[in-house]
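Work through the exercises below with the sequence and the model side by side. Each one sets a task and then solves it in steps.

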Amino acid sequence: MKKSVLLLFTVLISAMSYAQPWMKSLRIAQDLALVENKMVLMVWEGTTKYPYPVTVNDNKGNTIFIKNLFEDEYLSPLIWKHFVPVIVSEDRYGEMYAKIKGKRPVTYIDKFNDDSIKILDVNGTILNRSLDYSEYINITELIETYALNTTIITPELTNYRNGKNFYSVFYLASKYLDLALYSNAKVRPEVMRLGAIYTNEARAFLKDEKAEDVAKLNQRIELLELHKDLIFNRPKKVIRRLKRMDKTAINESNKLYSNFLYFTAYALLNNTEKMQGLKPSVSSVNLKRAQWIVNLNR
């Protein structure tokens, strides 16, 4: 009897923790998302001034119409379970826009400006850049697509927040490629596109590096781009590019990365002989990463 009461109490406490209003501080929402390994679900405050109709699927597969996303008692705990939801004041618009002006493509700016739901990482970078022109957003599908578990990139997200420099930004961009491998096929291109934002940011930090280091770091970014091509199953392109880079010499500090890329490209092409020759020069972590990429494209 006592165990049943304790279990009921635990469930009620858990439900209460989720059944709460949306947050109003983006910074606190981002901090919480980092701790809980979640994405942030954001809307502009102006969006909440009128009904925001959505749909959601029940456990029997039926689609239920919800008159207002921001007032429904059922949706609140569901959203809190998968995201950290936040309503951002219109007063923050100017400050936030200034940070991305001239640094993001038109599709990103359009998404930033509109009244739709935005899925952000803990740094405030938008994941779901594609505009949604459907009549009603289906919250169940939104969760299935964008409720990412960011545990595997938490160290890189933390390092980025603690101090931005070429290395913290580059490693976050690189780690987003791993997250893409774990993500479902529908969202994978968007995860990689989000990572590309950090790749571009890493390029911008090259100006802060020592002159003698710029060439090797620029080459590292080029190798990261080839890494993306492997995920999209373009091994022949990768091998051609790597061979061209070999002619001008791959920096010693980038050799392990290039070996991994060669190995993975040959694995995608089922070239066992080339793979065996490269295997001793590929770390165990990168061997597993290569296998993920191969499995993804089988």
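**Exercise 1.** Determine which residues lie nearest the centre of the second largest pocket, and describe its lining.

Step 1. The second largest pocket is lined by 18 residues, and those nearest its centre are Y171, S174, Y257, N286 and R289; here a pocket is, on a 1 Å grid over the protein atoms alone, an open set of points where a 1.4 Å probe fits, with protein on both sides within 12 Å along at least five of seven lines, and lining residues have an atom within 4 Å of a point. This is a predicted model, in which local features need pLDDT of at least 70 and side-chain atom pairs count only at pLDDT 80 or more, while totals for chains, interfaces and linings use all residues. Residues are numbered from 1 along each chain as its sequence is written, and side-chain values use heavy atoms, with hydrogens and water left out.

Step 2. The space in this second largest pocket comes to about 390 Å³, a volume being the space filled by probe spheres set on grid points that are joined across faces, edges and corners.

Step 3. At least two lining residues each come from α8 (166–182), α10 (211–231), α12 (255–268) and α14 (284–296), where helices (H or I, at least four residues) and strands (E, at least two) are DSSP runs numbered from the N terminus. Of these, α8 gives the most, with five residues.

Step 4. By class, the lining of the second largest pocket has six nonpolar, seven polar and five charged residues; Ala, Val, Leu, Ile, Met, Phe, Trp, Tyr, Cys and Pro count as nonpolar, Asp, Glu, Lys and Arg as charged, and the others, Gly among them, as polar.

**Exercise 2.** Establish how α14 is placed against α8 and against α10.

Step 1. The axes of α8 and α14, which are lines fitted to C-alpha atoms over the stretch in contact, with angles from 0 to 180 degrees between N-to-C directions, come within 10 Å and cross at roughly 45 degrees. α8 is therefore oblique to α14, given that angles under 35 degrees count as roughly parallel, over 145 as roughly antiparallel, 65 to 115 as roughly perpendicular and the rest as oblique.

Step 2. In this contact (heavy atoms within 4.5 Å), K175, D178, L181 and Y182 of α8 meet R289, W292, I293 and L296 of α14. Five of the residues are nonpolar, none is polar and three are charged.

Step 3. For α10 and α14, the axes come within 9 Å and the crossing is at roughly 40 degrees, which makes α10 oblique to α14. Here H227, L230 and I231 of α10 meet R289, I293 and L296 of α14, a set of four nonpolar, one polar and one charged residues.

**Exercise 3.** Decide whether α10 and α11 are roughly parallel or roughly antiparallel, and list the residues that meet.

Step 1. α10 packs with helix α11 (residues 235–247) at an angle of about 160 degrees, the axes lying 8 Å apart. The two helices, α10 and α11, are therefore roughly antiparallel.

Step 2. On the α10 side the residues are Q219, E222, L223, L226, D229 and L230, and they meet P235, K237, V238, R241, L242 and M245 in α11. This contact divides into seven nonpolar, one polar and four charged residues.
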